[in-house]
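User: Please take a close look at one part of this model, the salt bridges around a single helix. Keep it brisk.

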Amino acid sequence: MLQQSQFDGQALVSPAELESYGFYRNWTMGDLLTHAERLNGEGAYGVAATLYKNWIAANPRHDFLHAAYFNYSFTLAKAGDQLGAIAAGRECQRLKPDFFPIYVNLGRLLEDAGQAGEAIEQWRKMVEDLPQIRGETVRTKLTALEQMARVLEAHDIDGPAEEVM
């Protein structure tokens, strides 16, 4: 159960309200990020993950649902829920396949789970699908290429690693 004291300044009727569907329907994405990221900053990853989970459940058609899943994935990883983080990352990707930062993060999560081949596939797909060249896409593409080369080299697959870079 979430604690009311964790939401200073928020007018709450009771701690039980923090578990209610209607409570999260009234939150904007900004409200969610403000509270969850403050909790992440305090190391309360499990509580922050609960906020994301509850908000996602109450806002299934929100325009930025993919962003909530992206942050939820990050928070679950910080909380030590590796498979939950991968599942949330995949849902982010399903909801918005052209949201390229998830490919980098999901690739890293898969690598950490011992799935180097799947990780490389995430980064390769992103590199191939990234749109026109501009500052942000160049940085994102470079990050994916560096991740691919690092994992390939770590697994002594030097030829493809050199091709990537």
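Analyst: What follows covers the salt bridges of one helix.

This is a predicted model, where local features need pLDDT of at least 70, side-chain atom pairs count only at pLDDT 80 or more, and totals for chains, interfaces and linings use all residues. Residues are numbered from 1 along each chain as its sequence is written, and side-chain values use heavy atoms, with hydrogens and water left out.

A search of the whole structure finds 10 salt bridges. The term means a side-chain nitrogen of Lys or Arg within 4 Å of a carboxyl oxygen of Asp or Glu.

Start with Glu118, in helix H7 (residues 116-129). Helices here are DSSP runs (H or I, at least four residues), numbered from the N terminus. Glu118 pairs with Arg90 at 2.7 Å, N to O. Arg90 sits in helix H5 (residues 82-95), so this bridge ties together parts 28 residues apart in sequence. Glu118 is partly exposed, at 35% relative accessible area. Arg90 is partly exposed too, at 38%. Buried means under 20% relative accessible area, exposed over 50%, and partly exposed in between (1.4 Å probe, protein chains only).

Next comes Arg124. Its side chain meets Glu121 in a salt bridge at 2.1 Å, N to O. Both lie in H7, 3 residues apart, about one turn of the helix. Arg124 also bridges to Glu128, with the closest N and O atoms 2.3 Å apart. Those two are 4 residues apart in H7, again about one helical turn.

How exposed are these residues? Arg124 is partly exposed at 28%. Glu121 is partly exposed at 37%. Glu128 counts as exposed at 53%.
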